[in-house]
Amino acid sequence: LSVVVRGDEIDCLLRSGTRVTYVLGEEERAFSLLMSSKSNINLSDGSLLYVDLRFPDKVYLKKKDASVQ
């Protein structure tokens, strides 16, 4: 839906409302992390507030409060 550049970080806002954040220039690593966790997360159902891929070998995420959806 949209992409925001904040210094050396990228925020991608998906149609589902989920924000995906990663470090500029680290797209391949971020994509690899996202693919390695795809069986555990769903980016299209609107259940996630954000997915943070800025840290090596870590995927941080925050689920939306079920009462807000």
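In this predicted model, the largest nonpolar core is formed by 11 residues: I10, C12, V20, Y22, A30, L33, L34, I41, L48, V51 and L53. Two or more of these residues are given by each of the elements β2 (9-13), β3 (19-23), α1 (27-36) and β4 (48-52). The largest share, 3 residues, belongs to α1. Of the core residues, L53 was examined further. Leaving out residues up to four places away in sequence, L53 touches V20, T21, Y22, R29, A30, L33, L34, K58 and V59. Several of these partners, including V20, Y22, A30, L33 and L34, are listed in the core as well.

The elements that supply the core belong to a fold with 1 helix and 5 strands. Read from the N terminus, their order is β-β-β-α-β-β. Strand β1 (residues 2-6) pairs with β2 in the antiparallel sense, and 5 bridges join the two strands. One of the bridges links V5 to I10 in β2, and I10 is also a member of the largest nonpolar core. The two strands form a hairpin with 2 residues between them. In the turn of this hairpin, G7 has a positive phi of about 65°.

A positive phi also occurs at D57, where the angle is about 60° although the residue is not a glycine. D57 is located in the loop between β4 and β5 (60-63). The relative accessible area of D57 is 68%, and this residue is therefore classed as exposed, the limit being over 50%.

T18 likewise lies in a loop, in this case between β2 and β3. The relative accessibility of T18 is 0%, so this residue counts as buried, for which the limit is under 20%. When neighbours within four places in sequence are left aside, the contacts of T18 are C12, L13, L43, L48, L49, Y50 and V51. Among them, C12, L48 and V51 are residues of the largest nonpolar core. The side chain of T18 also makes a polar contact with the side chain of S16, at 3.3 Å.

The structure contains 1 aromatic pair. A pair of aromatic rings is described by the distance of the centres and the angle of the planes. For F55 and Y60, the centres are 5.6 Å apart and the planes make an angle of 90°, an arrangement described as edge-to-face. F55 has a relative accessibility of 37% and Y60 has a relative accessible area of 42%. Both residues are classed as partly exposed, because these values fall between the limits of 20% and 50%.

For the protein as a whole, the radius of gyration is 12 Å. A compact globule with 69 residues would have a radius near 11 Å, so the value for the protein agrees with that of such a globule. Along the principal axes, the C-alpha atoms fill a box of roughly 35 × 25 × 15 Å. Buried residues account for 29% of the 69 residues. Of the contacts between residues at least 6 apart in sequence, 33% join residues at least 24 apart.

Terms used: Residues are numbered from 1 along each chain as its sequence is written. This is a predicted model: local features need pLDDT of at least 70, side-chain atom pairs count only at pLDDT 80 or more; totals for chains, interfaces and linings use all residues. Side-chain values use heavy atoms; hydrogens and water are left out. A nonpolar core is a set of buried Ala, Val, Leu, Ile, Met, Phe, Trp, Tyr and Cys residues joined through side-chain atoms within 4.5 Å. Buried means under 20% relative accessible area, exposed over 50%, partly exposed in between (1.4 Å probe, protein chains only). Helices (H or I, at least four residues) and strands (E, at least two) are DSSP runs, numbered from the N terminus. Contact means heavy atoms within 4.5 Å. Rings of Phe, Tyr and Trp (its six-membered ring) pair if their centres lie within 6.5 Å; planes under 30 degrees apart count as stacked, over 60 as edge-to-face and the rest as tilted. A polar contact is a pair of N or O atoms within 3.5 Å; within protein, one must be able to donate a hydrogen and the other to accept it, and residues adjacent in sequence count only if both atoms are side-chain atoms. Two strands pair if DSSP finds at least two bridges between them. The radius of gyration is taken over C-alpha atoms; the globule rule is 2.2 Å times the number of residues to the power 0.38.
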